[in-house]
Amino acid sequence: MNIAVIAGDGIGKDVTAEAVKVLGRVEELFGLPIALEHLPWSADHYLKTGETMPANGYDLLRSFDAVFVGALGDPRVADNRHARDILLGTRFELDLYVNYRPVKLLDDRLCPLKDRGRKDVNFVVFRENTEGVYVSIGGRFKAGTTDEIAVQEEINTWKGVHRIIRHAFEYAKASRLTKVCMSDKSNAMAQGHALWQRVFKEVAAEYPAIKASHLYIDALAMLLVKDPGQFEVIVTNNLFGDIVTDIGGALQGGLGMAASGNIHPGRTSLFEPVHGSAPPLAGKNVANPIGAILSAALMLENIGRADDGKRIEDAVEAAVHAGQTTADVGGTLGTREAGDAIVARLRDGA
Ligand SMILES: NC(=O)c1ccc[n+]([C@@H]2O[C@H](COP(=O)([O-])OP(=O)(O)OC[C@H]3O[C@@H](n4cnc5c(N)ncnc54)[C@H](O)[C@@H]3O)[C@@H](O)[C@H]2O)c1
């Protein structure tokens, strides 16, 4: 397994060190050879060299079995140009059209909702990852004046909508799940989201054993807080997926707990915690490494090592139950110590 590791900025570096530690332990214990190549691409690198990533950067990434990213974003790079190239650029260039975000509460005490627990928070979100409003098509006219006009286009293609909806149904089928909910805003965005409506109905008809439902995004946001237990698989566009998975992160106990995969099935894919670089926390040994460690587990699952991924998830869950966590989820440990606790649980065969 050849893995490219981009620790990036801020707490990305702190949490990546722990994910790397866990991968090292998995290699030692379970005989999985993992070669990690650390790439320096980050705000520091950009400020030093003027280069966000090398000209052949995307080809280089394609040569690995998977890519692991900590987080990117630094206040010294005002336009976050490096993050755009490294993260958004890779999603587009490697055509990583599936943004896979499992939302699973590991311990009842972490749930922010009253009288809700693990049985209520266990679903996955598939966010379309290559289209929508994130394609940066548009422009500004008379910028900086009171007559300024700003246009930001949303792109929806049949191919893009179809493949993410198809993926959601295939995932549900393979996981023996029975419900897929598609969310859009077709009442207000009658053109682009009519395409989502049509494709969803067409694809759903091919899966009679799966209950297909639809919610407008505002209703979905409300129900995720009011009654998340009704959801198994959610599929939505790039922007809405970005937002609802932060709600999902909160339901799991906080952004530090949430993992994600940016996937093109069968090709090199990228795995990263959902959170950003949290500059105020950087280098202080306080960031929660669990989102990063669970992202490493997703990565192993995706490259054919599901057993090792599950071992990591079990070790994380055991550490969370034992309260061996950072302060954001109620523990007293530092980032490194929380990582050590998970490594120790792997040794115990958890
Ligand atoms: N995928 C990414 O790399 C990514 C995602 C989101 C934001 N960003 C970038 O990160 C920078 C900071 O953005 P932001 O502050 O909006 O979001 P953020 O996720 O960095 O932080 C939001 C809040 O969550 C807390 N938090 C996040 N991760 C945590 C962790 N592991 N442990 C404990 N607490 C944690 C932070 O203290 C903060 O209060 C910006 O430059 C932004 O563009 C990058």
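Here are two short exercises with worked solutions on the sheet and the ligand site of this predicted model.

Residues are numbered from 1 along each chain as its sequence is written. Local features need pLDDT of at least 70 and side-chain atom pairs pLDDT 80 or more, while totals for chains, interfaces and linings use all residues; side-chain values use heavy atoms, without hydrogens and water.

**Exercise 1.** Work out which strands stand at the edges of the sheet.

*Solution.* Start with the strands, which are DSSP runs of E with at least two residues, numbered from the N terminus. Two of them pair if DSSP finds at least two bridges between them. Next, write down the order: ten strands run 2-1-3-12-11-4-5-10-8-9 in an open sheet of mixed pairing. Now look at the ends: strand 2 (35–38) and strand 9 (211–216) each have a single partner strand, so one side of each lacks a neighbour in the sheet. Finally, try one pair inside: strands 1 (residues 2–8) and 3 (residues 66–71) are parallel, with five bridges, and Ile3 sits opposite Ala66 of strand 3.

**Exercise 2.** Find the polar contacts (pairs of N or O atoms within 3.5 Å) that Asn80, His275 and Ala278 make with the ligand.

*Solution.* Take the side chains to begin with. A polar side-chain atom of Asn80 is 3.4 Å from a ligand oxygen, and an N or O atom in the side chain of His275 is 3.5 Å from a ligand nitrogen. Then turn to the backbone: a polar backbone atom of Ala278 lies 2.7 Å from an oxygen atom of the ligand.

Technical notes: Helices (H or I, at least four residues) and strands (E, at least two) are DSSP runs, numbered from the N terminus. A polar contact is a pair of N or O atoms within 3.5 Å; within protein, one must be able to donate a hydrogen and the other to accept it, and residues adjacent in sequence count only if both atoms are side-chain atoms.
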